[in-house]
Amino acid sequence: MERKGAFHLTVALCVFVAVLSQAAIAKYGGGTGEPDDPYLIYTPEQMNAIGADPNDWDKHFKLMADLDLSAYTGDQFNMIGRRMSRGLGLSEVPFAGVFDGNARRISNFTYTGQGQSDTGLFRYVDGPNAEIRDLGLIAPEVYAWEGTHIGALVGNLRGGTIANCRIEEGVVEGRQYVGGMVGAVGNPVRGGAIHAAMLTGCYGNCEVSGGSYVGGLAGYTEGLIQDCHATGNVVGRDNYVGGLVGSGHDTIADSYAGGFVTGIADCVGGVAGSVQNVVNCHADGIVRGRGKVGGLAGYANTILNCYAHGIVIGDEHVGGLAGDASSITNSYASAFVRGTTLAGGLVGLPEPCQGTPCDIVASFWDIETSG
């Protein structure tokens, strides 16, 4: 009987030790980080732990509860992803995995760093399968006054997708490539992008301010922006300032912006300061700048099926729809327009109009509203 009791005790102890061992090696709130078994995030501490372990930045995560990050102030939060740091001898490790927000919210993310670049909840994201989806950020505050690539959600989205995410009541400040959601989408060094980058189904309501390349959703983009909108106020001290995007070298489609947009220098627009192609977009806000100022875009290569309302004020190349554009088709403007020189209800004076026929088709403006 004693041997039998001892045997049972030994088995019980082994089981207990096995359970403890399993608990000890469990990471975050459970899961293995694989696509069909993502790491589960339940607490602010678990969220902060992601940024402390670069070995997990190619894994899958799923947010299981609304989080409040107000306990992390200044530079205490471990941002996720890392650009190359020559001074510290650290290699570049982007977040290349999948973060599923699971329709949950993260509130009160704050970060303050005077010259900190690549700043956001995710510092640096890149990879053919990298994705952040279905996540809401509530009242984020990011201050990096002399930094570049600054956004509430992602500082630098070199490659990958952000889908169905939103920013509400945020504040973002930086120097260059500053956006309410993402600082830069794609690679600002032209020709250097490896993976496609895009934003789809996203919304931003942020007070955004910076120097150049400043936008309500993204400061700069070489990727597709589709079915997105921004409604916060945007202030830029230099060039390329837009209610949605500061400067775009790809396509903005099915999107709109509505906010107070102010730029001191050239290329200021309600949707974009400068952009390649604008399709099915509209702007409704107040836009104020110096040169190339438009209700929709400061400058755009192609504008198709778009419109703009609101107020547009500038010095030269001022238009209700665009300050300057190469091609405008099936679009209109009903904005109040005031400019010193080269001002128009639809467009300022586009370059094709200087000695050659304008490429403007089936487009018009409201004469009474524009004045």
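**Chat about charges, cysteines and patches**

User: Quick start: does Arg166 count as buried, partly exposed or exposed?
Analyst: Arg166 counts as partly exposed, because its relative accessibility is 26%. Keep in mind that this is a predicted model.

User: Which side chain does Arg166 meet in a salt bridge?
Analyst: That would be Glu168, with 2.8 Å from N to O. Glu168 is partly exposed too, at 24% relative accessibility.

User: What about Lys27, which residues share a network with Lys27?
Analyst: Asp53 and Asp56 do; salt bridges with shared partners tie them and Lys27 into one network.

User: And how many salt bridges does the structure hold?
Analyst: Nine. One of them pairs Arg83 with Asp118, where the closest N and O atoms are 3.4 Å apart.

User: Where do Arg83 and Asp118 sit along the chain?
Analyst: Arg83 is in the loop between β3 (67-68) and β4 (98-107), while Asp118 is in the loop between β5 (110-112) and β6 (122-125). They're 35 residues apart, so the pair links distant parts of the chain.

User: Ok, is Asp118 buried or exposed?
Analyst: Buried, because its relative accessible area is 9% and the cut-off for buried is under 20%. Arg83 comes out at 23%, so Arg83 counts as partly exposed.

User: Which residue does Arg133 pair with?
Analyst: Arg133 forms a salt bridge with Asp100, and their closest N and O atoms are 3.9 Å apart. This pair also connects distant parts of the chain: Arg133 is in strand β7 (residues 131-138), Asp100 is in strand β4, and 33 residues separate them.

User: How do those two come out, buried or exposed?
Analyst: One of each kind, roughly put: Asp100 is buried at 13% relative accessible area, whereas Arg133 is partly exposed at 25% relative accessibility.

User: Changing topic: how many disulfides does a search of the whole structure find?
Analyst: Zero. Take Cys202: the nearest cysteine sulfur belongs to Cys228 and is 4.7 Å away.

User: Why does that not make a disulfide?
Analyst: Because the two sulfur atoms would have to be within 2.5 Å, and here the gap is 4.7 Å.

User: Is Cys202 buried or exposed, then?
Analyst: Cys202 counts as buried, at 1% relative accessibility. Cys267 is buried as well, with a relative accessible area of 7%.

User: On to the surface. Which residues gather in a patch of negative charge?
Analyst: Glu34, Asp36, Asp37 and Asp58. Glu34 is in the loop between α1 (2-25) and β1 (39-41), and Glu34 counts as partly exposed because its relative accessibility is 37%.

User: And which residues make the nonpolar surface patch?
Analyst: Ile286, Ile311 and Phe336 make that patch, which covers about 200 Å². Phe336 belongs to strand β35 (residues 332-338) and is partly exposed, at 31% relative accessibility.

User: Last one: where is Gly51?
Analyst: Look in the loop between α2 (44-50) and β2 (60-63). Gly51 is buried, since its relative accessible area is 13%.

User: How many residues lie between Gly51 and Arg123 along the chain, and what separates their C-alpha atoms?
Analyst: The two are 72 residues apart along the chain, with 9.2 Å between their C-alpha atoms.

Conventions. Residues numbered from 1 in each chain as written. Predicted model: local features only at pLDDT ≥ 70, side-chain atom pairs only at ≥ 80, totals over all residues. Heavy atoms only, no water. Patch = residues over 30% accessible without salt bridge, like charges linked within 9 Å, V, L, I, M, F, W, Y side chains within 5 Å. Areas by Shrake-Rupley, 256 points an atom, 1.4 Å probe, with all protein chains shown as cover. Salt bridge = Lys/Arg side-chain N within 4 Å of Asp/Glu carboxyl O. Lys, Arg positive; Asp, Glu negative; His and termini not counted. Charge placed at Lys NZ, Arg CZ, Asp CG, Glu CD. Helix = DSSP H or I, 4+ residues; strand = E, 2+ residues; numbered from the N terminus. Buried < 20%, exposed > 50% of the residue type's maximum accessible area, 1.4 Å probe, protein only.
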